[in-house]
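Student: I'd like to learn how to read the features of a fold like this one. Can we go through it together?

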Amino acid sequence: MKKILNDPSNFVDESLQGVVLAHSDLLRCDDDLRVIVRSDAPVRGKVAIATGGGYGHLPVFLGYVGQGLADGVCVGNVFSSPSADAMLAVTKAIHGGAGVLYLYGNYFGDKMNFDLAAELARDEGIEVETVRVTDDVASAPIDQMSKRRGVGGVFFVYKIAGACAESGAPLKEVKKAAEQAALNVRTMGIGFSPCTIPASGKTTFEIAEDELEIGIGIHGEPGIARAKIGTANELVSLLLTHLTRDLDLVSGDDVSVLVNGTGSTPLEELYVAYKEVHDWFSQKRINIFKPFVGEYATSLEMAGFSISVLKLDDTMKRYLETPVHTPFIKQW
């Protein structure tokens, strides 16, 4: 295992310390290192957005704390849910009097702990609503969308909900905006090679040198098939065929696209993929409004990529263009 580590059991806490120290102008950690909020929290009169989950997916979730996205995050161990107590602490730290929206990916442990934290927060007089992201088309059929995992498309839901909250909208409206984005975003990924969990030294899965996993999850969960490595054109066409069918996209529709690296895929290759995405949608006469290319939801050093597609309306277009200022994402 070749990694930048001291004691592997301290990996998460030491990494979090580094993030907070490097971005002390944007992030604040008061008592619990696993509870991190934007430096100016709470923002009075603004709906606060809380998120969280297991560590190892930077910039998800910690990197999205800041103006225009989330207000606070609770961080678990690698690929493990944070505690309900820590999420309650985040809720109280970011509540500015207008309520709190819990926004996170659909995983059992996260759901259980966030639901408990919501109950505890309501007992203390804090209004809480929840939206879970279920964008991974490979994890369940469309008629069982509530069972799907949340993966890279969560970025779009942060962006839409965060912009709505920054506009001063009430909690009910911010939740509706998040739900609309979650309903209209789809993601599918391909894995080339696994990552290694620092504490255990074990890889998340095994795969032959000439194979790839189609529809792999962000924790290395099995996808829908294994295949021999193909060209960029073939891989992108495969993913977009699934995504456009699931979203029922037709000629004339407007979309935003995220081409996401899962940890060790060169940015240059991601732009090869985006070129194929652009050509594919152009042939279908589907309009790309605002593309994003880079690492937005990783799995430590797993090699591979995912594509997320968000079907847009005019309101979402406006929200996509609003400013963002977080440690990992900046937009003016």
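**Reading a predicted fold**

Tutor: Sure, let's begin with a helix on a sheet. Helix α1 (residues 11-22) lies across β1, β2 (35-38), β3 (48-55) and β4 (72-78), and its direction makes an angle of about 150° with β4. Keep in mind that this is a predicted model.

Student: In what order do the strands of that open sheet come?

Tutor: The order is β1-β2-β4-β3-β5-β6, six strands in an open sheet with mixed pairing.

Student: Which strands are at the edges?

Tutor: Look for a strand that pairs on one side only: here those are β1 (27-28) and β6 (128-133). β6 has β5 (residues 100-105) as a partner, in the parallel sense and over six bridges. To find the register, take V100, whose bridge partner in β6 is V128.

Student: And what about side chains along a strand?

Tutor: In a regular strand they alternate between the two faces of the sheet.

Student: OK, now helix pairs. At what angle do α2 and α3 cross?

Tutor: Helix α2 (residues 84-94) and α3 have axes that come within 8 Å and cross at roughly 50°. That angle makes α2 oblique to α3. The crossing is right-handed.

Student: Which residues meet there?

Tutor: From α2 you have A84, M87, L88 and T91, and they meet N113, F114, L116, A117, L120 and A121 in α3. Sorted by class, the contact of α2 with α3 has eight nonpolar residues, two polar ones and no charged ones.

Student: Let me zoom in on one of them. Is A117 buried or exposed?

Tutor: A117, which is found in helix α3, is buried: its relative accessible area is 0%. Leaving out residues up to four places away in sequence, A117 touches A84, M87, L88 and Y102. Y102 is 15 residues from A117 in sequence, and their C-alpha atoms are 9.8 Å apart.

Student: So the Y102 contact ties into the sheet too?

Tutor: You can get that from the numbering: β5 covers residues 100-105, and Y102 is one of the residues that A117 touches.

Student: Let's try a loop residue as a contrast. Where is E124 found?

Tutor: E124 is in the loop between α3 (108-123) and β6. With a relative accessible area of 45%, E124 is partly exposed. If you skip residues up to four places away in sequence, E124 touches L88 and K92. K92 is 32 residues from E124 along the chain, while the C-alpha atoms of the two are separated by 9.2 Å.

Student: Why do α4 and α5 count as roughly antiparallel?

Tutor: Check the angle against the cut-off: over 145 degrees counts as roughly antiparallel. The axes of helix α4 (residues 154-166) and helix α5 (residues 171-183) cross at roughly 155° and come within 8 Å, so α4 and α5 are roughly antiparallel to each other. α4 passes α5 in a right-handed crossing.

Student: Which residues make the contact?

Tutor: On the α4 side, F156, V157, I160, A161, C164 and A165; on the α5 side, E173, V174, A177, A178, A181 and A182. The contact of α4 with α5 divides into eleven nonpolar residues, no polar ones and one charged one.

Student: At what angle do α6 and α7 pack?

Tutor: Helix α6 (residues 232-247) and helix α7 (residues 267-283) pack at about 55°, and their axes are 9 Å apart. That makes α6 oblique to α7. Their crossing is right-handed. α6 contributes A232, N233, V236, S237, L240, T241 and T244, while α7 contributes V272, A273, E276, V277, W280 and F281. By class, the contact of α6 with α7 splits into eight nonpolar, four polar and one charged.

Student: One last strand. How many residues of β13 are buried?

Tutor: Eight of the nine residues in strand β13 (residues 303-311) are buried, so "mostly covered" is a fair reading, with buried meaning under 20% relative accessible area.

Student: Which strands does β13 bridge to?

Tutor: Strand β7 (residues 185-193) is joined to β13 by eight bridges and runs antiparallel to β13. Strand β10 (residues 254-261) is joined to β13 by seven bridges, again antiparallel. For the register, G191 stands opposite G304 in β13, and N260 stands opposite S306 in β13.

How values were computed
Residues numbered from 1 in each chain as written. Predicted model: local features only at pLDDT ≥ 70, side-chain atom pairs only at ≥ 80, totals over all residues. Heavy atoms only, no water. Buried < 20%, exposed > 50% of the residue type's maximum accessible area, 1.4 Å probe, protein only. Helix = DSSP H or I, 4+ residues; strand = E, 2+ residues; numbered from the N terminus. Pairing = 2+ DSSP bridges. Axes fitted to C-alpha atoms, helices over the stretch in contact; angles between N-to-C directions. Parallel < 35°, antiparallel > 145°, perpendicular 65-115°, else oblique. Left-handed = near helix turned anticlockwise from the far one by under 90°. Contact = heavy atoms within 4.5 Å. Nonpolar A, V, L, I, M, F, W, Y, C, P; charged D, E, K, R; others polar.
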